[in-house]
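Dear colleague,

I am handing over the structure below, and my notes on what was found in it follow directly after.

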Amino acid sequence: MLASEKVYKRITTNALIEMKASGTKISMLTAYDYSMAKAVDAAQIDVILVGDSASNVMSGHETTLPITVDQMIYHASAVVNAVKRALVVVDLPFGSYQSDPKEALRSSIRIMKEAGAHAVKIEGGAEIKDSMVRILNAGIPVMGHLGLTPQSIYKFGTYTVRAREKAEAKKLLEDSKLLEQLGCFALVLEKIPAALAKKVAEAVKIPVIGIGAGGDVDGQVLVLHDMLGLTTEFSPRFLRRYMDLYDQMITAIKQYVKDVKSSDFPNIDEQY
Ligand code: KIV
């Protein structure tokens with residue numbers, strides 16, 4: 001934290017908007033369980049996202065599509081139990097909001113009520129406008145998500161950079177303005193050209209949080225397991241790894257196996 005930054009005991013949606021206005025960058029990471037969320041919150045992260053990436057990271061699915069509202073609630077309530085300071089945002093999973101606004105509202109209410117979430121995140125722009133409005137009208141804060149939206153992977157066909165072409169870039173800029181106008185409190189931009197992300201961040205007053213969207217936005221988000229090096233099969237250019245946790249775990253577990261096999265563990269001080 002910079003010395004000039006305002007200290008927040010609790011991060012709210014208003015605090016994030018204030019942070020953008022004052023030029024304070026917003027930090028965001030995913031978490032899906034109590035122990036990890038406790039560490040992330042203790043490290044003074046601003047926003048914890050209970051992402052539908054839990055589908056990949058926690059369950060080993062190839063895409064985010066299989067995860068259900070019940071499973072998101074399970075992960076989110078564990079995170080909420082751990083968190084004292086961060087704003088907890090929970091993804092609406094695939095299939096829980098696309099078919100009609102009433103269903104979108106029902107899913108959001110369940111997530112807020114049963115998990116104790118502070119806000120929901122939804123992928124998409126103009127095409128899900130009615131669902132957004134319905135949720136926002138119920139007083140539920142919504143974070144938007146544009147660019148690479150992994151729930152649409154079978155439409156895109158690949159996980160490559162989005163909005164390189166003029167028409168898609170134009171729609172993304174229009175969608176960003178629309179989400180602000182509807183009342184979203186923040187926006188995630190995933191895997192788009194840095195110049196376009198900068199343009200969006202300058203065009204809207206709500207915070208723009210990037211993942212693979214360059215540095216000229218209001219904050220950054222990464223998947224916790226990726227930045228800790230717990231996942232190893234995934235190495236996009238935007239990912240900075242801060243640890244090699246997978247390798248460190250293997251080393252520790254191998255040592256434990258060795259100690260058990262050799263009867264080194266437990267020793268005299270480790271028994272009753
Ligand atoms: O589910 C997730 O982890 C996300 C982030 C990549 C922004 O949506």
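For the classes used here, Ala, Val, Leu, Ile, Met, Phe, Trp, Tyr, Cys and Pro count as nonpolar, Asp, Glu, Lys and Arg as charged, and the others, Gly among them, as polar. This is a predicted model, in which local features need pLDDT of at least 70 and side-chain atom pairs count only at pLDDT 80 or more, while totals for chains, interfaces and linings use all residues. Residues are numbered from 1 along each chain as its sequence is written, and side-chain values use heavy atoms, with hydrogens and water left out.

By those classes, the shell around the ligand has three nonpolar, four polar and four charged residues. The residues around the ligand (those with a heavy atom within 4 Å of it) are Thr-30, Leu-49, Gly-51, Asp-52, Ser-53, Asp-91, Lys-121, His-145, Glu-190, Ile-211 and Val-223.

Polar side-chain atoms of three of these residues deserve a look: that of Ser-53 lies 2.5 Å from an oxygen atom of the ligand, that of Lys-121 lies 2.9 Å from a ligand oxygen, and that of Asp-52 lies 3.0 Å from a ligand oxygen. Taken alone, the ligand exposes 260 Å², of which the protein buries 95% (accessible areas by the Shrake-Rupley method with a 1.4 Å probe).

As for the fold, the chain has 11 helices and eight strands (DSSP runs, H or I of at least four residues for helices and E of at least two for strands). Along its principal axes, the C-alpha trace of the chain spans about 65 × 45 × 35 Å.

With best regards

Conventions: Polar contact = N/O pair within 3.5 Å; in protein donor to acceptor, adjacent residues only side chain to side chain.
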